[in-house]
2 protein chains.
Amino acid sequence: MDYAPILNNVAKYVTLTEEEEIYFTSFLHYKKVKRKQYLLEAGDVNTKIAFVTNGCLRSYAVDKNGGEHVLQFAPPGWWIVDMRSLLTHEPARLNIDAIEETELFYILKPDLDALQLKYPKFERFGRMLAENAMATYQHRQIDNMILNAMERYSNFCTLYPSLILSLPQKQVASYIGVTPEFLSKMLNTVVIK
Amino acid sequence: MDYAPILNNVAKYVTLTEEEEIYFTSFLHYKKVKRKQYLLEAGDVNTKIAFVTNGCLRSYAVDKNGGEHVLQFAPPGWWIVDMRSLLTHEPARLNIDAIEETELFYILKPDLDALQLKYPKFERFGRMLAENAMATYQHRQIDNMILNAMERYSNFCTLYPSLILSLPQKQVASYIGVTPEFLSKMLNTVVIK
DNA sequence: ACTCTCCCTTAATCTACATTAACAATTCCC
DNA sequence: GGGAATTGTTAATGTAGATTAAGGGAGAGT
């Protein structure tokens, strides 16, 4: 099993000893998820945190009319979780599924707790991940408060340059908070034909 | 100086020894902020994290037309910060000011770093705070994606029951993402007169 | 090679919420 | 205590983006 991608991610924040690496990787589960297959369904409790090494996941919520609204994409190198459900064991509001065939590692919450109690370095790693996520959500919220649809689209292009090419337009529309019809119109009327 | 409110907050997550308490409180700065006075101005670097003991702060961003959009209120017992600016030393996008005369403690980022390096317990505390904040922002985002203005208002009432009584309506409007005119109309047409 | 499903586009109509403006009621500060 | 600033309300008009509907094209599985 090739743990390099996830170990590289951890190494961005903390430097592990060989012992810590072995202990950490012993908790990792490998999983392959097919296109449209769920990693988490809303209503279930989220018991794991996932790290994508290949492919792409998305988390999304469903409104009362059945419309899907994407909260996050997770291409390789990204973590994904319904944090409230993980912390409180409430049923998740988010669905997490695969946009294309995806490979990932996951860690179960009890294993993560044990890891952090035994080695404070993982406490530190978890803190930094959560702080970064918090900063990202703060700014996403600010963007949604003060930018219009076109500005949010430009933002998306600089945030996920790789995804903009591979993702169906309707997924981008769902992330930036407009209908696919409106995004299509927006992109085709800006350019002078 | 009465450190009880902030020590109680820490005690929700970790149990400090007397030594740790003393070390922690030695880093705390007390500050009183008058109504409308800034704790942080957008453009400046956010170098501290604040904990409110009395009164109420708000963080907000300003759009290109000068409109203010509230990200968060911080009544007593809440922390408030522009996390990206704190982490990266980029200029803050958020303004933080006082809605009414407010008392708070703050810790400077370098002191917090030292504290966390010396006592892993504060690493743990920081992780838990950040994880909770992340969970809250995830769900705020979901709410904004799938709820309409009236539903967001109801949500606000259950989230901040104390604030709904004391806060000017225009601040509530700014938080839930509508104009004060629209909120006024919404509240006065639901009730049959 | 051929369905079938998904995806993109165009266009007409619709609606939740914004904007502007004007006025009354509060609250604050000197 | 009084003038100024802030707040809440109503109503007319404006608009970004939603909804509905319909047609065409491209990929994927058999």
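This is a short tour of a predicted model, moving from its two protein chains to their core and then to a DNA strand.

Before selecting anything, note that residues are numbered from 1 along each chain as its sequence is written, while chains are lettered from A and ligands numbered from 1 in the order in which they are written. Because this is a predicted model, local features need pLDDT of at least 70 and side-chain atom pairs count only at pLDDT 80 or more, whereas totals for chains, interfaces and linings use all residues.Select chains A and B together: a rotation of 180 degrees with 0.0 Å of shift along its axis superposes chain B on chain A, with an RMSD of 0.0 Å, by least squares on the C-alpha atoms of residues with pLDDT of at least 70 in both. The two copies are thus related as by a two-fold rotation axis, and in chain B the C-alpha nearest that axis belongs to B:R127, 1.9 Å away.

Next, select A:M134, which, leaving aside its neighbours within four places in sequence, is in contact with B:M83, B:A130, B:A133, B:M134 and B:Y137; contact here is defined by C-beta atoms, placed from the backbone, that lie within 7 Å.

Finally, show DNA strand C, where, of the 15 residues around the strand, A:Q169, A:S184, A:N188, B:V178 and B:F182 come nearest; a residue counts as near if its C-beta atom, placed from the backbone, lies within 6 Å. Colour α8 (169-176) and α9 (180-190) of chain A and α9 (180-190) of chain B, the elements that give two or more residues to this surface; helices are DSSP runs of H or I with at least four residues, numbered from the N terminus. The most comes from α9(A), with five residues.

How values were computed:
Two residues are in contact if their C-beta atoms, placed from the backbone, lie within 7 Å.
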